Amino acid sequence: MTISAIGREPDADDASSAPSREELEALANFRRALRRFLAFSEAAAADLGLTMQWYQALLVIKTYDGGNHISVGELADQLMIRDHSAAELVSRLVQAKLVRRKTDTLDRRRSLIVMTAAGNRRLDHLAAVHLRKLRENKEAFLKLFEGE
C-alpha cells in the first residue's frame, strides 16, 4: 500500500498485500511504545521548564546542516510549522535565553538562530535522558522490522 492509498478504501491489488496478524501486532506495539516515549519526553522536558516544541526546536537548531546556523524559515520547515509560528517560537526561546538571534553576514535582512550556553546545557541534559530511555526500550522500536 502506498502513502497515496491512505484514507481510501483498499482495492483488489491492496488485498494481496494485507498485513499479517504479526505485522499488525508489531505496529500496535510500536505505536504504544512511541506514545509512551512521547509522554516520557514531554514530562522530561517539562521537568526542565521546556515544552516539547522548545526541545524539538533546540534539537533542530543544534544539529541543522552539520552545525551551521539556521534561519527562522528553515526552522519552520524542519519543524513543519508556519513561518510566523517559528518566529514566535524563536522569540520565546530568546526570551528564555536559550537561543539568540544573529544577523546573517551574507544577507543582512536575514537573522540566524544561535544556541546559548544555557540552551546547550538544557539540550545536552535532555538528549542524554532521551537516549538513555531509547536504549532501555530499543526492542519495542526495533521489533517492527524483524520480519524483513
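Select Leu93 first and display its surroundings: leaving aside neighbours within four places in sequence, Leu93 is in contact with Trp54, Ala57, Leu58, Ile61, Leu98 and Val99. The model on screen is a predicted one, and the tour proceeds outward from this residue.

**The nonpolar core**

Keep Leu93 highlighted and add Leu58, Ile61, Leu75 and Ile113. These five residues have the most contacts inside the largest nonpolar core, which has 26 residues. Next, colour the elements that give two or more residues to this core: α2, α3 (52-63), α4 (72-79), α5 (83-95), β3 (111-115) and α6 (117-136). Which of these elements gives the most to the core? It is α3, with six residues.

**The whole chain**

Zoom out to the full cartoon. The protein chain has seven helices and three strands, and from the N terminus on its elements run α-α-α-β-α-α-β-β-α-α. Of its 148 residues, 28% count as buried. Among contacts between residues at least 6 apart in sequence, 50% join residues at least 24 apart.

**The sheet**

Select the three strands. They form an open sheet in the order β1-β3-β2, with antiparallel pairing. Because β1 (70-71) and β2 (99-103) stand at the edges, each with a single partner strand, one side of each is left without a neighbour in the sheet. Now isolate β3: is this strand largely enclosed or largely open? Four of its five residues are buried, so β3 is largely enclosed by the rest of the structure.

Move to the pairing of β1 with β3, which is antiparallel and extends over two bridges. Ile70 stands opposite Ile113 in β3; Ile113 is also among the core residues with the most contacts. Beside Ile70, select Ser71, likewise in strand β1. The bridge partner of Ser71 in β3 is Leu112. Apart from residues up to four places away in sequence, Ser71 touches Arg110, Ser111, Leu112 and Ile113. Is Ser71 buried or exposed? Its relative accessibility is 6%, so Ser71 counts as buried.

Cross to the other side of β3, where five bridges join it to β2 and the two strands run antiparallel. One bridge to select here links Thr103 with Ser111 in β3. Ser111 is also one of the residues that Ser71 touches.

**Helix α5 across the sheet**

Show α5 together with the strands. This helix lies across β2 and β3, running at about 115° to β2. Within α5, select Ser91, which counts as partly exposed because its relative accessibility is 35%. Then draw a distance from Ser91 to Arg101: the C-alpha atoms are 9.1 Å apart in space, while the residues are 10 apart in sequence.

**The aromatic pair in α2**

Turn to helix α2 (residues 21-47) and select Phe37 and Phe40, which both lie in this helix, three residues apart, about one turn. How many aromatic pairs does the structure hold? It holds one. Phe37 and Phe40 form this pair, which is tilted, with 6.0 Å centre to centre and 40° between the planes.

Colour the two rings by accessibility. Phe37 has a relative accessibility of 14% and therefore counts as buried. For Phe40 the value is 23%, so this residue is partly exposed; the cut-off for buried is under 20%. Add Lys133 to the selection as well: what sits over the ring of Phe40? The charged end of Lys133 does, 5.1 Å from the ring centre.

**Two loop residues with positive phi**

The last stops are in loops. Select Asp65, in the loop between α3 and β1. This residue has a positive phi of about 45° although it is not a glycine. Its relative accessible area is 51%, so Asp65 is exposed.

Finish at Lys97, in the loop between α5 and β2. Here too phi is positive in a residue other than glycine, with a value near 65°. Lys97 is exposed, with a relative accessible area of 60%. From there, return to Leu93 in the starting view, where Leu98 and Val99 are among its contacts.

How values were computed:
Residues numbered from 1 in each chain as written. Predicted model: local features only at pLDDT ≥ 70, side-chain atom pairs only at ≥ 80, totals over all residues. Heavy atoms only, no water. Phe/Tyr/Trp six-rings, centres within 6.5 Å; stacked < 30°, edge-to-face > 60°. Buried < 20%, exposed > 50% of the residue type's maximum accessible area, 1.4 Å probe, protein only. Lys NZ or Arg CZ within 6 Å of the ring centre and 35° of its normal. Core = buried A, V, L, I, M, F, W, Y, C linked by side-chain atoms within 4.5 Å. Contact = heavy atoms within 4.5 Å. Pairing = 2+ DSSP bridges. Axes fitted to C-alpha atoms, helices over the stretch in contact; angles between N-to-C directions.
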